[in-house]
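Student: I have a structure open and would like to talk it through with you. Could we begin with the ligand and then move on to the chain?

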Amino acid sequence: MTANTPEKTPVTLLGLGAMGTALGRTWLAAGHPLTVWNRSPARAEALAAEGAKVAGSAAGAVAASALLVVCLLDDDSVGAALDGVDLTGKDLVNLTTTTPAQARARAVWAEARGARYLDGGIMAVPPMVGVPEAGGYVFYSGSRELFELHRATLAVPVGTRYVGADAGFAALHDVALLSAMYGMFAGAAHAFALIRREDIDPVAFAPLLGEWIGAMAGPAVRQTAARLKDGDYTTDVVSNLAMQVAGTPTFLATAEGQGVSPELLRPYFELMRRRLDVGSGEEDLTGVVDLLLFG
Ligand code: NDP
């Protein structure tokens, strides 16, 4: 390092699975001194060859840097890896996927051990890490001060989006987006099943499906959000609930005719029907959100 080269923040990284290895590689490439630890030592060899210092224990790795990034399988593995490790004065950034409740509890746990805590939810798969044009990012929540302090270092692997002081919010955003993704996958699976036994090329069908989902999803979620915010579910509705519920037998009959189970479609249709049954026929579909809330 020359006198003119700004010092790069040293990083300690625990967890060298597919994601941890991808993250670590980008810090090395950007010139950050990197100390790594993994429960199975063999997984550290790749990053060691690229310049990472390999610690023999989690405690040894934690001692090496003030900034500690953890990317392990789940919350239990974070507890196991850091059990008995001195975290005093450390800045702990936990990128392990957890529930919001686990993230909040982990923040309290870390702070009780003298560490500052930031939680992260990774919205990327390993091939997107270190590839800015791929659009991956991490949701962060918890200490804003800590986020700002390490923002530049955290932005090396993928983009950053801070979503609030509540340590659980990163996990909540992560799970909310992924839950919507599974709903979308469910819809796509049903659509492919409908054409599966026909002389329709799924490869030719795919762009029609993808473009339709894209065209519907963006405006629909923005409109739902606006209605949830102002509480008005009926003004300027173009496809009202009564009309949409009237159409559901067509979808169910088509599924039956194609020999396809309606099990992915039916729960949503049942919610639409329940909302209609309380006299909400002039609304759009926003009321379904409220039906999902317990209590
Ligand atoms: P991997 O299964 O590849 O790696 C899991 C890591 O956790 C390994 O380092 C493993 O160590 C370690 N581990 C598991 N149990 C323990 C334990 N009890 N004590 C210590 N270490 C343990 O997972 P990924 O790297 O893919 O994922 C890591 C995190 O990133 C997860 O929370 C995942 O949800 C999240 N993520 C992953 C994405 C992906 O596409 N891969 C996408 C977005 C988020 P060992 O090598 O010894 O088994």
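Student: Which backbone N or O atom lies 3.0 Å from an oxygen atom of the ligand, say around Leu73?

Tutor: A backbone N or O atom of Leu73 itself lies at that distance, 3.0 Å, from an oxygen atom of the ligand. A polar contact here is a pair of N or O atoms within 3.5 Å, and within protein one atom must be able to donate a hydrogen and the other to accept it, while residues adjacent in sequence count only if both atoms are side-chain atoms.

Student: And how much of the ligand's accessible area does the protein cover?

Tutor: On its own the ligand has 900 Å² of accessible area, and the protein covers 77% of it. Accessible areas come from the Shrake-Rupley method with a 1.4 Å probe, and for residues only the protein chains shown count as cover.

Student: Before I lean on these values, what kind of model is this?

Tutor: It is a predicted model, in which local features need pLDDT of at least 70 and side-chain atom pairs count only at pLDDT 80 or more, whereas totals for chains, interfaces and linings use all residues. Residues are numbered from 1 along each chain as its sequence is written, and side-chain values use heavy atoms, with hydrogens and water left out.

Student: Back to the ligand, then. What do Ala18 and Met19 do there?

Tutor: A polar backbone atom of Ala18 is 3.0 Å from an oxygen atom of the ligand, and for a polar backbone atom of Met19 the distance to a ligand oxygen is 2.9 Å.

Student: Which residues come nearest?

Tutor: Met19, Asn38, Ser40, Arg43 and Thr97 come nearest, out of 21 residues around the ligand, where a residue is near if one of its heavy atoms lies within 4 Å of the molecule.

Student: What is the shell made of, by class?

Tutor: The shell has eleven nonpolar, eight polar and two charged residues. In this scheme Ala, Val, Leu, Ile, Met, Phe, Trp, Tyr, Cys and Pro count as nonpolar, Asp, Glu, Lys and Arg as charged, and the others, Gly among them, as polar.

Student: Which helix gives the largest share of that shell?

Tutor: That is α1, with three residues, and both α1 (18-29) and α4 (75-82) supply at least two. Helices (H or I, at least four residues) and strands (E, at least two) are DSSP runs, numbered from the N terminus.

Student: Met19 came up twice. Where is it, and is it buried or exposed?

Tutor: Met19 lies in helix α1 and counts as buried because its relative accessibility is 14%, given that buried means under 20% relative accessible area, exposed over 50%, and partly exposed in between (1.4 Å probe, protein chains only). The C-alpha atoms of Met19 and Gly247, which are 228 residues apart along the chain, are separated by 44 Å.

Student: Let's zoom out. How many helices and strands does the chain have, and what box does it fill?

Tutor: The chain comes to eleven helices and eight strands, and its C-alpha atoms fill a box of roughly 70 × 45 × 40 Å along the principal axes. Of its 295 residues, 40% count as buried.

Student: I'm curious about two serines. Where is Ser65, and what does its side chain touch?

Tutor: Ser65 is in the loop between α3 (58-64) and β4 (67-70), and a polar contact of 2.6 Å joins its side chain to that of Thr12. Ser65 is buried, since its relative accessible area is 5%.

Student: And Ser280?

Tutor: Ser280 lies in the loop between α10 (266-277) and α11 (287-291), and it counts as buried because its relative accessible area is 7%. A polar atom of the Ser280 side chain lies 3.4 Å from the backbone oxygen of Arg275.

Student: Different topic: which residue has a positive phi although it is not a glycine?

Tutor: That is Asp236, with a phi of about 60°, in the loop between α8 and α9. Asp236 counts as exposed because its relative accessibility is 67%.

Student: Last one, Leu241: where is it, and is it buried or exposed?

Tutor: Leu241 is in helix α9 and counts as buried, its relative accessibility being 0%. Leu241 and Gly287 are 46 residues apart in sequence, with 9.5 Å between their C-alpha atoms.
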